[in-house]
Amino acid sequence: MYSAKEPISDLVPFAGNGNWDVLDGEIWVMNGDINDVQKDGVYYSTGGDYALVIPPHEMDELKMGSRPGINIELWEDDPVDDDYVASYFVNGVMNHPNYYIAFRNIGSYVDGANKRAEFYTTHTSNYTVLDQALYVQYFD
């Protein structure tokens, strides 16, 4: 399984304590089926910025299209209807040592008694990787 080699260091958070705090990590299934939306776990954010790191990896098989890609959506988990926050399309991830994605200015999603935003991501890809798994880390 592919995993990131180091934490976020190149991106500066806009809020909070000035450092990226590791929330956790998750195994992303990379089966190449763009219709199979994978939903990840919920992580709590204090607002400001939220980020994830996709590790360096190699494509095993391109299932559709002419270039490999991953479509990522960020959602805020709510009791009734989840809020769509943003999306990001990654094209050609394999060439980066680590691929950092930061969602900026998401403080308006902080709500509830815990004064936190409850974020999760969904993703699809049009290619597979060895063992169909990437270990992606989340940061606040």
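Two strands count as paired if DSSP finds at least two bridges between them. Keep that in mind for Tyr 43, which stands opposite Phe 119 in β10. Here are my notes on this predicted model.

1. **The overall picture.** You're looking at a chain with 0 helices and 11 strands, so don't go hunting for a helix, given that helices here are DSSP runs of at least four residues. Reading from the N terminus, the elements go β-β-β-β-β-β-β-β-β-β-β. Of the 140 residues, 44% count as buried. The accessible surface of the chain is about 7,200 Å², and carbon and sulfur atoms own 48% of that.

2. **Contacts along the sequence.** Take the contacts in the chain with a separation of 6 or more: 81% of them come from residues 24 or more positions apart. For one pair to look at on screen, try Ile 70 and Tyr 88, with their positions 18 residues apart in sequence and 8.3 Å from C-alpha to C-alpha.

3. **Strand β10.** I'd start the tour at β10, residues 117-125. Buried or exposed, what are its residues? Buried: that goes for 9 of the 9, so the strand is largely enclosed by the rest of the structure. Ala 117, Phe 119, Thr 121, His 123 and Ser 125 point one way from β10, while Glu 118, Tyr 120, Thr 122 and Thr 124 point the other way. Both sets are buried.

4. **Who pairs with β10.** Three strands to check here. β3 runs antiparallel to β10 and is joined to it by 2 bridges, with Lys 39 standing opposite Thr 122. β4 (residues 43-45) also pairs with β10 in the antiparallel sense, over 3 bridges, and this is where the Tyr 43 and Phe 119 match from the top of the note comes in. β7 (residues 69-76) is joined to β10 by 7 bridges, again antiparallel. On that side, Ile 72 has His 123 as its bridge partner in β10.

5. **Ile 70, also in β7.** Staying with β7, have a look at Ile 70, which lies in that strand. Its relative accessibility is 0%, so Ile 70 counts as buried.

6. **Gln 38 in β3.** Gln 38 sits in β3, a strand made of residues 38-39. Why does Gln 38 count as buried? Because its relative accessibility is 17%, and the cut-off for buried is under 20%. The Gln 38 side chain makes a polar contact with the side chain of Asp 36, at 2.9 Å. Setting aside neighbours within four places in sequence, Gln 38 is in contact with Val 29, Asn 31, Thr 121, Thr 122 and His 123.

7. **Lys 39 and a ring.** Lys 39 is worth a click too. As well as standing opposite Thr 122 in β10, Lys 39 lies over the face of Tyr 120, 4.4 Å from the ring centre.

8. **The aromatic cluster.** The structure holds 6 aromatic pairs. Which residues do ring pairs link into a cluster? Tyr 43, Tyr 50, Tyr 109, Phe 119 and Tyr 138. Two of these names, Tyr 43 and Phe 119, have already come up as residues standing opposite each other.

9. **Tyr 109 up close.** This cluster member is in the loop between β9 and β10. Not counting residues up to four places away in sequence, Tyr 109 touches Glu 76, Asp 83, Tyr 84, Val 85, Arg 116, Ala 117 and Phe 119. Tyr 109 and Asp 78 are 31 residues apart in sequence, and their C-alpha atoms are 10.0 Å apart in space.

10. **Two backbone angles to check.** Most residues other than glycine have a negative phi. Asn 105 has a positive phi, near 55 degrees. Asn 105 belongs to the loop between β9 (99-104) and β10, and is exposed because its relative accessible area is 61%. Gln 132 also has a positive phi, near 55 degrees. Gln 132, however, is in strand β11 (residues 127-139), and counts as partly exposed at 37% relative accessibility. I'd look at both residues in the viewer.

Terms used: Residues are numbered from 1 along each chain as its sequence is written. This is a predicted model: local features need pLDDT of at least 70, side-chain atom pairs count only at pLDDT 80 or more; totals for chains, interfaces and linings use all residues. Side-chain values use heavy atoms; hydrogens and water are left out. Rings of Phe, Tyr and Trp (its six-membered ring) pair if their centres lie within 6.5 Å; planes under 30 degrees apart count as stacked, over 60 as edge-to-face and the rest as tilted. A charge sits over a ring if NZ of Lys or CZ of Arg is within 6 Å of the ring centre and within 35 degrees of the ring normal. Buried means under 20% relative accessible area, exposed over 50%, partly exposed in between (1.4 Å probe, protein chains only). A polar contact is a pair of N or O atoms within 3.5 Å; within protein, one must be able to donate a hydrogen and the other to accept it, and residues adjacent in sequence count only if both atoms are side-chain atoms. Contact means heavy atoms within 4.5 Å. Accessible areas come from the Shrake-Rupley method with a 1.4 Å probe; for residues, only the protein chains shown count as cover.
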